[in-house]
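The following paragraphs lead the reader through a single protein chain, from its overall build to its charged pairs and its surface. Please keep the sequence and the model in view while reading.

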Amino acid sequence: MNITGPTAAPPAKKKPLYKSLFFQILVAVVAGILIGHIWPDIGAGLRPLGDGFIQLIKMIIAPLIFLVIVTGIAAVSDVKAVGRVGVKALAYFTAATLFALVFGLAVGNLVQPGAGLNIDPASLSQDALNAKTATAPPKDAGAFLLGIIPTSVIGAFASNSLLQVLCFSVFFGAAIVVVGRERCLPVITLMETVLELFFKIMSWVMRVAPVGAFGAMAFIIGQYGLGSLSTYALLIAACYGAAIIFIGLLFVVAWVYPRVPLWQFLKYTREEFLLALGTASTESVLPRIMTKLTNAGCSRATTGLVVPTGYSFNLDGAALYLSISLLFLAQAFGYNLDLGQQLAALGVLMLTSKGMAGVPGSAFLALSATAGALGIFPVAGVALLLGADRLMDSMRVVVNLLGNCVATFVVARWEGQFDRAAMLRAFAGEMTTADAGPESIGAGVPGRPAAGTDVELSSAAATPAAVR
């Protein structure tokens, strides 16, 4: 395989600051905070703007994941390689989640955020907690695993169940590999074309991203106010402090193994991270972050498998919050958990924290299930966190999203499907597989060179050009 580097593109003319999506979202977030603080009733009423934008994104997520994974597996043309990626991803997710939980427990023991509150259990009502969690009863491990298998393919797409869509996508992509790429070429070509259409739709949706960020932020501040910061000051400080240290550890992991300069990556994806912060949702940036990771040298198959799976299995920010909050609640009721009880809590949290992405009141479900299993403090005590939960969204969103990005780089490097040179070109703003467009996901398919590249493929080539 002879692959020449990308042709030098003429320097792009710098667009005005007001046309930058990052600047527009930043202004929208600041405006939302001001509106929510000065006119809380108006701010609380702007929730439909944020919800509407997230629904527009959800509209394309399921088919986009299906198309990315199927075409990615078809490009790799190796079912065993796909299986290895999945196993390695789950191994990394388990290790990362376990470390986040242990680290959170260490921070909770050190800071003691709930000490001295002396809450009377009799003063608590279960009603508020029930209103938050009644729509989604917690699942046991068996029910969760069975829930990954769709009973209806159409139902999986209709309900936007990402794990079920991913499960079917892997089967579909593997079937293409087994039947043969040549025989399935018309199907693959059709999927590539449809994928371009979805990315065109996504580009239209992203034009209203600042409106969505403005509405979501105005609602959060208007509904919950900045005043509640003082009530949970120590808990918030513990969670955000732990998040900052954990992010520092992610910087180390990203540099030591896949050799990714994470600061440059954050600069490269600043629009996606700011949008996730503004909307308090990682789902709002799922399509864009997959595109950016593919542009940055991760193979399409690895990105398509790791990122959606990580949205349910690699919630590092949520793991930090759950472990610190569990100790906060125990301390608030006057209980000091010994090492055995904390290890038991660790095991329960490892189970209850999985698959909670996108579930209403997921943190409360996990904590309620853990409190019920341990029997140390009343389940109704979880209602103490109702006022602080929304204030933790920024911490959870950033750590969850960054953790999944680092996981993608690590697994891609582990599997030998990471092109560091392409990553550096992407960080430098040069044309690589594409420049944040649909061709980035279409790139790497044998016979389909990416925009701005000069690629010569031998007839034996079966792996994406980006794969080393």
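A contact, as the word is used here, means heavy atoms within 4.5 Å. By that criterion, residues 24 or more positions apart account for 84% of the contacts in the chain with a separation of 6 or more. The model is a predicted one, in which local features need pLDDT of at least 70 and side-chain atom pairs count only at pLDDT 80 or more, while totals for chains, interfaces and linings use all residues. Residues are numbered from 1 along each chain as its sequence is written, and side-chain values use heavy atoms, with hydrogens and water left out.

The chain contains 23 helices and 2 strands; these are DSSP runs, helices being H or I over at least four residues and strands E over at least two, numbered from the N terminus. Of the 468 residues, 53% are buried, where buried means under 20% relative accessible area, exposed over 50%, and partly exposed in between, with a 1.4 Å probe and protein chains only. The accessible surface comes to about 20,100 Å², and carbon and sulfur atoms hold 66% of it. Such areas come from the Shrake-Rupley method with a 1.4 Å probe, and for residues only the protein chains shown count as cover.

How far can the model be trusted along its length? The predictor's confidence in each residue is given as pLDDT, from 0 to 100. The mean for the chain is 77, and 76% of its residues reach 70 or more. Among the elements, helix α13 (residues 262–268) has the highest mean pLDDT, 93, and strand β2 (residues 455–456) the lowest, 30. Values are below 50 over residues 1–9, a stretch with 17 contacts beyond near neighbours in sequence. They also stay under 50 over residues 432–468, for which the model has 88 contacts beyond four places in sequence. Where pLDDT is low, the predicted coordinates should not be read in detail.

Side chains of opposite charge can pair when their charged atoms come close. A salt bridge is a side-chain nitrogen of Lys or Arg within 4 Å of a carboxyl oxygen of Asp or Glu, and the structure holds 7 of them. One joins R300 to E192, with the closest N and O atoms 3.2 Å apart. This pair links distant parts of the chain, from helix α16 (residues 300–313) to helix α9 (residues 185–206), 108 residues apart. Both R300 and E192 are buried.

Helices α14 and α15 are also connected by charged pairs. R288 forms a salt bridge with E271 at 2.7 Å between the closest N and O atoms, and both residues are buried. K292 pairs with E272 at 3.1 Å; because K292 lies in helix α15 and E272 in helix α14, the pair ties together parts that are 20 residues apart in sequence. K292 counts as buried at 8% relative accessibility, as does E272 at 1%. E271, E272, R288 and K292 are linked in a network of salt bridges.

Helix α16 also contains T303, which is buried at 1% relative accessibility. Beyond its neighbours within four places in sequence, T303 is in contact with M290, L293, T294, C298, P308 and T408.

At the surface, L26, V30, L34, I38, W39 and I42 make a nonpolar patch of about 570 Å². Patches are made of residues with over 30% relative accessible area and no salt bridge; like charges are joined within 9 Å, and nonpolar side chains (Val, Leu, Ile, Met, Phe, Trp, Tyr) within 5 Å. Helix α1 (residues 21–38) gives the largest share, 4 residues. I42 lies in helix α2 (residues 40–44) and is partly exposed, at 48% relative accessibility.
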